[in-house]
Amino acid sequence: HTRTHTMPHSVEIKLKRADRVYREGDVVSGVVALNCDGPLSHQGLTLTMEGNVSLQLSAKSVGLFEAFYNSLRPIQLVNYSLEIQKGTKLPDGRTEIPFEFPLKAKPGVPLYETYHGVFVNIQYTLRADMKRSAFAKDLTKSVEFLVEYGTKPEDGKQVPFELTPKSLGNTKTSGKIPNFHVKGQLDSAICSITKPFTGQITVLQSDEPVKSIELQLVRVETCGCAEGFAKDATEIQNIQIADGDVCRGTAIPIYMIFPRLFTCPTLATDNFKVEFEVNIVIVLVSGDLITENFPVRLVRF
């Protein structure tokens, strides 16, 4: 009678919290599940918790500063390992081993929020490693968990704006500037990351028909050190808030949800910064663009 091999041996990490979101001082707990296809011998099962900031240079910045290469090493925020099972022989089937880790940063290092950017990435992982004999393949599995922190509530003021051909630097046109007059306001430039970004915009006059009005969320990532900084702005998302030649004098609501993971509370450290801006872009039928840029500060409270 030969046994049919359906599933190879595998390791899974299951966290107790379904949303995988933790704050500093929380206990990260769960089980490491070992699925064995037949008895399995191993030489120890280790669980490692890691948190790192990885910094990258954009193509345009590489070669600018020799000094960068030292400051661009990954910054380690959390790193510890625990042997959760000594070497043993496991039976056929599923074995679950519970674990608990306190979420604590290394001394002198803050825990930054999880953030998936282009040139800056802040990521926390749990990794299970099962060491096996020389002839068998080691098993490994990692899972990302998310870190958030609260910031103190801050009051933001309304940000009124007015766009006309005279308000310089906000038009990209093919020649003669068409006449336009746009007014509006952002409800605040200090934004709670869990609440929508809101405001309104009114086209009072535009000689050229409007094709569309868009709201662009931009990340500004800075990597560097005392010798110099590389600063790059990239689009996170672009949403249309009006389509076609909008009615003149009608207030159009501005409404945007901040995407999870791709945004975090605004962050400035010695080696890197993560900041955010919003662009309001009015696209005219002629192809001309009227844009206004607003730096915003994201907070979590």
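This dialogue walks through a pocket, a serine and some aromatic pairs in a predicted model.

Reader: How should I begin to look for empty space, and what volume does the largest pocket have?

Author: Rolling a probe the size of a water molecule over the atoms shows where empty space is left. In this model, the largest pocket comes out with a volume of about 170 Å³. Its lining is made up of 13 residues, and those nearest the centre of the pocket are Ser188, Ile190, Cys191, Ser192 and Pro196.

Reader: Which strand gives the most to the lining of the largest pocket, and how do the residues of that lining divide into nonpolar, polar and charged?

Author: Strand S15, which spans 190-192, gives the most, with 3 residues, while S15 and S16 each supply at least two residues of the lining. By character, the lining of the largest pocket holds 6 nonpolar, 3 polar and 4 charged residues.

Reader: Staying with strand S16, I see serine 206 there; is serine 206 buried or exposed?

Author: A residue counts as buried when its relative accessible area is under 20%. Serine 206, which belongs to strand S16 (residues 197-206), has 11% relative accessibility and therefore counts as buried.

Reader: Which residues does serine 206 touch, leaving aside those up to four places away in sequence?

Author: With those set aside, serine 206 touches Asn179, Phe180, Arg248 and Leu284. In addition, a polar atom of the side chain of serine 206 lies 2.6 Å from the backbone oxygen of glutamate 208.

Reader: Turning to the rings, how many aromatic pairs does the structure hold, and why is the pair of tyrosine 112 and phenylalanine 272 called edge-to-face?

Author: The structure holds 8 aromatic pairs. Planes over 60 degrees apart count as edge-to-face, and because the planes of tyrosine 112 and phenylalanine 272 stand at 90°, with ring centres 5.4 Å apart, this pair is edge-to-face. Tyrosine 112 lies in the loop between strand S8 (93-102) and strand S9 (115-116), whereas phenylalanine 272 lies in strand S21 (residues 272-284), so the pair ties together parts that are 160 residues apart in sequence. Tyrosine 112 counts as buried at 12% relative accessibility, and phenylalanine 272 counts as buried at 1%.

Reader: What are the distance and angle in the pair formed by tyrosine 124 and phenylalanine 145?

Author: That pair is tilted, at 5.9 Å centre to centre and with 45° between the planes. Since tyrosine 124 lies in strand S10 (residues 120-130) and phenylalanine 145 in strand S11 (residues 139-147), the pair ties together parts that are 21 residues apart in sequence. Tyrosine 124 and phenylalanine 145 are both buried, and ring pairs link these two with Tyr22 into a cluster.

Note on methods: Residues are numbered from 1 along each chain as its sequence is written. This is a predicted model: local features need pLDDT of at least 70, side-chain atom pairs count only at pLDDT 80 or more; totals for chains, interfaces and linings use all residues. Side-chain values use heavy atoms; hydrogens and water are left out. Helices (H or I, at least four residues) and strands (E, at least two) are DSSP runs, numbered from the N terminus. Buried means under 20% relative accessible area, exposed over 50%, partly exposed in between (1.4 Å probe, protein chains only). A polar contact is a pair of N or O atoms within 3.5 Å; within protein, one must be able to donate a hydrogen and the other to accept it, and residues adjacent in sequence count only if both atoms are side-chain atoms. Contact means heavy atoms within 4.5 Å. On a 1 Å grid over the protein atoms alone, a cavity is a set of points where a 1.4 Å probe fits but cannot get out, and a pocket is an open set with protein on both sides within 12 Å along at least five of seven lines; lining residues have an atom within 4 Å of a point. Grid points are joined across faces, edges and corners, and a volume is the space filled by probe spheres set on the points. Ala, Val, Leu, Ile, Met, Phe, Trp, Tyr, Cys and Pro count as nonpolar, Asp, Glu, Lys and Arg as charged, and the others, Gly among them, as polar. Rings of Phe, Tyr and Trp (its six-membered ring) pair if their centres lie within 6.5 Å; planes under 30 degrees apart count as stacked, over 60 as edge-to-face and the rest as tilted.
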